[in-house]
Amino acid sequence: MTIAVIDYEMGNLKSVSKALESQGASVTVTRDPSVIKNASKIVLPGVGAYGMCMDNLKKFGLVEVIKESIASGKRFLGICLGLQLLFEESEEFGPIQGLGVLKGKVKKFKGDLKVPQIGWNTVNAKKGSTLFKDIENNSRFYFVHSYYVEPQDKSLIASTTPYGIEYCSSVEKDNIVAVQFHPEKSQATGLKMLKNFVELK
């Protein structure tokens with residue numbers, strides 16, 4: 001089993017791939033569509049601006065292979081911007097169109113909050129989540145972001161996190177799991193989550 005970590009020059013690829021390998025995964029960092037098609041699972045990390053991420057996905061010809069892989073039922077993990085890009089559009093310098101795999105929008109935190117949210121915060125998971133299997137509820141994960149997703153279908157929400165509002169911090173739908181936080185930077189709890197993804201059939 002090989003996990004393809006998608007390289008579109010916008011992710012912390014080394015820390016993500018090393019964390020997955022530490023949990024028993026065979027990992028290939030790639031932007032080759034044929035390698036992504038042949039991988040057992042795919043991971044889309046992301047750090048930076050939403051528009052630039054979409055531009056790079058288009059530039060490297062990755063939009064269609066990501067959509068096709070998800071549509072085929074292949075296991076998919078999105079991390080940080082890898083979650084946000086799944087949705088239809090973002091307010092960041094926008095609106096900017098995303099992949100549109102899931103219905104909903106990416107919104108900026110409002111009010112007097114310190115933005116971006118940087119650091120540790122609690123995650124309240126839904127019961128029965130595959131991603132949070134054997135992880136204590138309200139565990140703390142590491143966040144770095146100024147925007148959050150608002151799914152149209154609230155049943156997709158796998159966890160919420162408080163930051164001014166109670167916002168969606170992860171989603172699960174069929175073969176898709178995606179998180180706003182960084183499991184690869186979240187010590188033992190984050191590694192357990194990555195192990196859960198590695199072990200998903």
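Is tyrosine 167 buried or exposed at 1% relative accessibility? Tyrosine 167 counts as buried, and the legends below place this residue and others in close-up views of a predicted model.

**Figure 1. The edge-to-face pair of phenylalanine 109 and tyrosine 167.** The count of aromatic pairs in the model comes to 10. In the pair shown here, the ring centres of phenylalanine 109 and tyrosine 167 are 5.2 Å apart and the ring planes stand at 75°, so the arrangement is edge-to-face; the angle needed for that class is over 60 degrees. Phenylalanine 109 belongs to the loop between strand S7 (104-108) and S8, whereas tyrosine 167 belongs to strand S12 (residues 165-173), so the contact ties together parts that are 58 residues apart in sequence. Phenylalanine 109 has a relative accessibility of 5% and counts as buried, because the limit for that class is under 20%. Tyrosine 167, at 1%, is likewise buried.

**Figure 2. The aromatic cluster and phenylalanine 132.** Ring pairs link Phe109, Phe132, Phe141, Phe143, Tyr148, Tyr163, Tyr167 and Phe181 into a cluster. One of these residues, phenylalanine 132, is located in the loop between S8 and S9. With a relative accessible area of 7%, phenylalanine 132 is buried. Its C-alpha atom is separated by 18 Å from that of lysine 154, a residue 22 positions away along the chain.

**Figure 3. Strand S9 and its pairing with S8.** Strand S8 (residues 117-125) pairs with S9 in the antiparallel sense, over seven bridges. Within this pairing, asparagine 121 has phenylalanine 141 of S9 as its bridge partner. Strand S9 spans residues 139-145 and has two unlike faces: Ser139, Phe141, Phe143 and His145 form the covered one, and Arg140, Tyr142 and Val144 the uncovered one. Phe141 and Phe143, on the covered face, are also members of the aromatic cluster.

**Figure 4. The largest pocket.** The space in the largest pocket amounts to about 200 Å³. Its lining consists of 14 residues, and those nearest the centre are Gly48, Cys80, Val144, His145 and Ser146. Helix H5 (81-84) and S9 are the elements that give two or more residues to this lining. By class, the lining residues comprise six nonpolar, six polar and two charged. Val144 and His145, both among the residues nearest the pocket centre, come from opposite faces of S9, Val144 from the uncovered face and His145 from the covered one.

**Figure 5. The parallel strands S1, S3 and S4.** Strand S3 (residues 41-44) pairs in the parallel sense with S1 over three bridges. S3 is also joined by four bridges to strand S4 (residues 75-79), again in parallel. Alanine 4 has isoleucine 42 of S3 as its bridge partner, and valine 43 is matched with leucine 77 of S4. Both faces of S3 are covered, with Lys41 and Val43 buried on one side and Ile42 and Leu44 buried on the other. Valine 5 is placed in strand S1 (residues 2-6) and is buried, its relative accessible area being 0%. The C-alpha atoms of valine 5 and isoleucine 79 lie 11 Å apart, although 74 residues separate the two in sequence.

**Figure 6. Charged ends over aromatic rings.** The charged end of arginine 31 sits over the ring of phenylalanine 60, at 4.0 Å from the ring centre. In the second example, the charged end of lysine 41 sits over the ring of phenylalanine 197, at 5.2 Å from the centre. Lys41 is one of the buried residues of strand S3.

**Figure 7. Backbone exceptions at proline 116, aspartate 174 and glutamine 187.** Most residues other than glycine have a negative phi, and most peptide bonds are trans. The bond from valine 115 to proline 116 is cis, with omega near 5°, and proline 116 lies in the loop between S7 and S8. Aspartate 174, although not a glycine, has a positive phi of about 55°; it is found in the loop between S12 and strand S13 (176-179). Its relative accessibility of 68% makes aspartate 174 exposed. Glutamine 187, also not a glycine, has a positive phi of about 55°. Glutamine 187 lies in helix H6 (residues 187-199) and, at 58% relative accessibility, counts as exposed.

Terms used: Residues numbered from 1 in each chain as written. Predicted model: local features only at pLDDT ≥ 70, side-chain atom pairs only at ≥ 80, totals over all residues. Heavy atoms only, no water. Buried < 20%, exposed > 50% of the residue type's maximum accessible area, 1.4 Å probe, protein only. Pairing = 2+ DSSP bridges. 1 Å grid on protein atoms, 1.4 Å probe; cavity = no way out; pocket = protein on both sides within 12 Å on 5 of 7 lines; lining within 4 Å. Points joined across faces, edges and corners; volume = space filled by probe spheres on them. Nonpolar A, V, L, I, M, F, W, Y, C, P; charged D, E, K, R; others polar. Phe/Tyr/Trp six-rings, centres within 6.5 Å; stacked < 30°, edge-to-face > 60°. Lys NZ or Arg CZ within 6 Å of the ring centre and 35° of its normal.
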